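The following exercises concern a single protein chain. Each sets a task and then works through the solution step by step.

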Amino acid sequence: QVHLEESGGGLVQTGESLRLSCAISGQIPNYATGWFRQAPGKERDFVAAIVWESGSIYSEDSAKGRFTISRDKDTNMMYLQMNSLKPEDTAVYYCYADSILRPRAEFVENWGKGILVTVSS
């Protein structure tokens with residue numbers, strides 16, 4: 001069983017940066033970890049993922065150029081560096097661990113509880 005806990009969310013202004021952290025404990029991730037986000041009234045959408053062992057990255061187009069995913073195998077931490085934030089990035093951000101790099105949200109094996117990021121205009 002994998003336990004994930006997000007931190008680092010909060011309220012920022014347009015154009016600012018924020019780094020989300022995901023602390024991973026329990027069983028080492030089977031294959032990949034990553035981030036989804038869910039804006040108010042919308043579905044949970046994939047943001048980015050990283051293969052735990054190799055560090056290979058897969059990002060959604062909306063995240064490329066502004067968001068960077070990384071992980072530290074020594075501390076079992078995963079990060080999402082978010083730059084040039086926009087109001088449309090406002091959402092609850094969830095970290096996950098799964099045996100598939102880019103799973104569908106409804107099939108994700110392990111979720112964190114989520115953390116709110118609010119970007120004011």
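**Exercise 1.** Locate Ser21 and determine whether Ser21 is buried or exposed.

*Solution.* In this predicted model, Ser21 belongs to strand S3. The next step is to apply the cut-off for burial, which is a relative accessible area under 20%. Ser21 has a relative accessible area of 11%, so Ser21 is buried. Finally, the surroundings are listed: with residues up to four places away in sequence not counted, Ser21 touches Glu5, Glu6 and Ser7, together with Trp35, Met77, Met78 and Tyr79.

**Exercise 2.** Classify Thr33 by accessibility and describe the strand in which Thr33 lies.

*Solution.* Thr33 is placed in strand S4. The relative accessibility of Thr33 is 0%, and Thr33 therefore counts as buried. The strand as a whole is mostly covered, since six of the seven residues of S4 are buried. Neighbours within four places in sequence being left aside, Thr33 is in contact with Ile24, Ala49, Ile50, Trp52, Ile69, Met78, Tyr96 and Ala97.

**Exercise 3.** Which strands pair with S4, and in what sense?

*Solution.* On one side of the analysis is S5, which pairs with S4 in the antiparallel sense over seven bridges. Within this pairing, Asp45 of S5 stands opposite Arg37. The hairpin of S4 and S5 has five residues between the strands, and Gly41 there takes a positive phi near 75°. The other pairing is with S9, again antiparallel and over seven bridges. Here the bridge partner of Arg37 is Tyr93.

**Exercise 4.** Describe the largest pocket by its volume, its lining and the character of its lining residues.

*Solution.* The volume comes to about 290 Å³. The lining consists of 19 residues, and those nearest the centre are Arg37, Glu43, Arg44, Asp45 and Phe46. Assigning the lining to strands, one finds that S4 (32-38) and S5 (44-51) each supply at least two residues. The largest share, four residues, comes from S5. By character, the lining divides into ten charged, seven nonpolar and two polar residues.

**Exercise 5.** How many residues has the largest nonpolar core, and which of them have the most contacts inside it?

*Solution.* The largest nonpolar core has 26 residues, and those with the most contacts inside it are Leu20, Trp35, Phe67, Met78, Leu80, Met82 and Tyr93. Two or more residues each are given to this core by S1 (2-7), S3 (18-26), S5, S7 (67-72), S8 (77-82), S9 (91-98) and S11 (115-120). A separate second core has five residues, among them Phe36, Phe46, Ala49 and Tyr96. As a general tendency, nonpolar side chains in soluble globular proteins are buried together. Leu80 serves as an example of the contacts made: beyond its neighbours within four places in sequence, Leu80 is in contact with Leu18, Arg19, Leu20, Trp35, Val47, Phe67, Thr68, Ile69 and Tyr93.

**Exercise 6.** Place Pro87 in the chain and establish its accessibility class.

*Solution.* Pro87 is situated in the loop between S8 and S9. Its relative accessibility is 33%; partly exposed covers values between the limits of 20% and 50%. Pro87 therefore counts as partly exposed, at 33%. Residues up to four places away in sequence not being counted, Pro87 touches Thr14, Val119 and Ser121. The C-alpha atoms of Pro87 and Gly15 are separated by 9.2 Å, although these residues are 72 residues apart along the chain.

Methods
Residues numbered from 1 in each chain as written. Predicted model: local features only at pLDDT ≥ 70, side-chain atom pairs only at ≥ 80, totals over all residues. Heavy atoms only, no water. 1 Å grid on protein atoms, 1.4 Å probe; cavity = no way out; pocket = protein on both sides within 12 Å on 5 of 7 lines; lining within 4 Å. Points joined across faces, edges and corners; volume = space filled by probe spheres on them. Nonpolar A, V, L, I, M, F, W, Y, C, P; charged D, E, K, R; others polar. Core = buried A, V, L, I, M, F, W, Y, C linked by side-chain atoms within 4.5 Å. Buried < 20%, exposed > 50% of the residue type's maximum accessible area, 1.4 Å probe, protein only. Contact = heavy atoms within 4.5 Å. Pairing = 2+ DSSP bridges.
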